Amino acid sequence: MRPPVEGIPGVRQRVAGARAAGRSIALVPTMGALHAGHGALIDRARAECGFVAVSVFVNPTQFDRKDDYDRYPRKLDADLDFCGARGVDVVFAPEPGEMYPEPQRTYIEVAGVSERLCGEFRPGHFRGVATVVAKLFNIVSPDAAYFGEKDAQQLAVIQTMVRDLNMTVEIRHVPTVREADGLALSSRNQRLSAEERRAAPVLYKALQAAAERVRAGGDSAEARRAALDLIAREPLARVEYLEVVDSRSMLPVEQPAGAVRIAVAAWLGTTRLIDNVSCEPASV
Ligand code: AMP
């Protein structure tokens, strides 16, 4: 059965009712066009909390390009069936005018962790993400919120914001769900042509090659070279960045000594994909 779809007053009312009944509240923030990656977050929330809210909102303030915002897939009908099949209690699907009834004056900037990687290439992106997630937290007041490791920098930004601002919500993260050939599931994959789709798994293969170097004790330059060499053999892929960073600060690491993330952003035609893996040098 499809869950009810609510705006701000309705979702607040349902959450208040669930809380009064002693249920813990989960929030899974999404931009819709739901796939098995989102499904993993929802299933985890369903298993751990008494009441599960999923937000579906394509947030204009986190898009640095209007064409990307306009082209972003919107499939609320299918999303409601998807949520219904997973036992979601309410879908919060506001219109932009409900989230931003007036021009937004108050923004959250998370310094440092937002600066590199996607922060460097998508100006204002993480300011938009942190601000909308803070708004969602204030609207839903969840006990726990679920995020995917697929967007590792976003996860680090949210974790930092929650610590810095003494927010009480607990941030839980879920491993990346992949296609059989390794491509990380993403709503943007639908935009790939058949040829681009065939080429896309090179990103995960490159990350794995880099992770292997790190595990073997190699430095970041060597790991990056291994990955970039692989991608260079795929003419359809154009790398935007490929970095070895500290998992918490998201700042570059020259010689991995503990757990690091290797993150990539690349263009396949007009579609920008991101992916990352976590790894650490094997102890000797
Ligand atoms: P999005 O709708 O792309 O904004 O993603 C909503 C949430 O789902 C974010 O926390 C993402 O990290 C997470 N997510 C997206 N794709 C995947 C995936 N392939 N595996 C796990 N989580 C994902």
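Here is a short chat about a predicted model, its ligand and its two sheets.

Visitor: Which element gives the most residues to the shell around the ligand?

Guide: Let's start with the surroundings: 17 residues surround the ligand, and among the closest are Asp151 and Leu185. The elements that give two or more residues to this shell are β2 (25–30), α2 (36–48) and β5 (144–148). With three residues, the one that gives the most is α2.

Visitor: How many charged residues does the shell around the ligand have?

Guide: Sort the shell by class and you get eight nonpolar residues and seven polar ones. The charged residues number two.

Visitor: Which residue has a polar backbone atom 2.8 Å from a nitrogen atom of the ligand?

Guide: His38 uses a polar side-chain atom, which lies 2.8 Å from an oxygen atom of the ligand. Gly148 does use a polar backbone atom, but its partner is an oxygen atom of the ligand, 2.9 Å away. For the nitrogen atom, the backbone partner at 2.8 Å is Val177.

Visitor: And what percentage of the ligand's accessible area does the protein cover?

Guide: On its own, the ligand has 480 Å² of accessible area. Of that, the protein covers 93%.

Visitor: Let's move to the six-strand sheet. Why is one side of β1 and of β6 left without a neighbour in the sheet?

Guide: This open sheet runs in the order β1-β4-β3-β2-β5-β6, and its pairing is parallel. Five bridges join β5 to β6, with Ala145 opposite Ile171 in β6. β1 (5–6) and β6 (170–174) stand at the edges, so one side of each has no neighbour because each has a single partner strand.

Visitor: Which helix packs on that sheet with its direction at about 165° to β3?

Guide: Helix α1 (residues 8–20) packs there too, touching β1, β2, β3 (51–56) and β4 (90–92), but the angle given for it is about 145° with the direction of β4. The other helix, residues 76–85, touches β1, β3 and β4, and its direction makes about 165° with that of β3. That one is α4.

Visitor: Now the three-strand sheet: how many bridges join β7 to β8?

Guide: The order here is β7-β8-β9, in an open sheet with antiparallel pairing. Its edge strands, β7 (237–246) and β9 (271–279), each pair on one side only. Between β7 and β8 (residues 260–268), Ala237 stands opposite Leu268. The bridges joining these two strands number nine.

Visitor: By how many degrees are neighbouring strands of this sheet turned against each other on average?

Guide: We're still with the antiparallel sheet, β7-β8-β9. Ignoring direction, the average turn between neighbours is 15°.

Visitor: Last one: which helix packs on this sheet, touching β7 and β8?

Guide: Look at residues 220–232, a helix whose direction makes about 160° with that of β7. The helix touching both strands is α11.

Notes. Residues are numbered from 1 along each chain as its sequence is written. This is a predicted model: local features need pLDDT of at least 70, side-chain atom pairs count only at pLDDT 80 or more; totals for chains, interfaces and linings use all residues. Side-chain values use heavy atoms; hydrogens and water are left out. A residue is near a molecule or strand if one of its heavy atoms lies within 4 Å of it. A polar contact is a pair of N or O atoms within 3.5 Å; within protein, one must be able to donate a hydrogen and the other to accept it, and residues adjacent in sequence count only if both atoms are side-chain atoms. Accessible areas come from the Shrake-Rupley method with a 1.4 Å probe; for residues, only the protein chains shown count as cover. Helices (H or I, at least four residues) and strands (E, at least two) are DSSP runs, numbered from the N terminus. Ala, Val, Leu, Ile, Met, Phe, Trp, Tyr, Cys and Pro count as nonpolar, Asp, Glu, Lys and Arg as charged, and the others, Gly among them, as polar. Two strands pair if DSSP finds at least two bridges between them. Axes are lines fitted to C-alpha atoms, for helices over the stretch in contact, and angles run from 0 to 180 degrees between N-to-C directions. Contact means heavy atoms within 4.5 Å.
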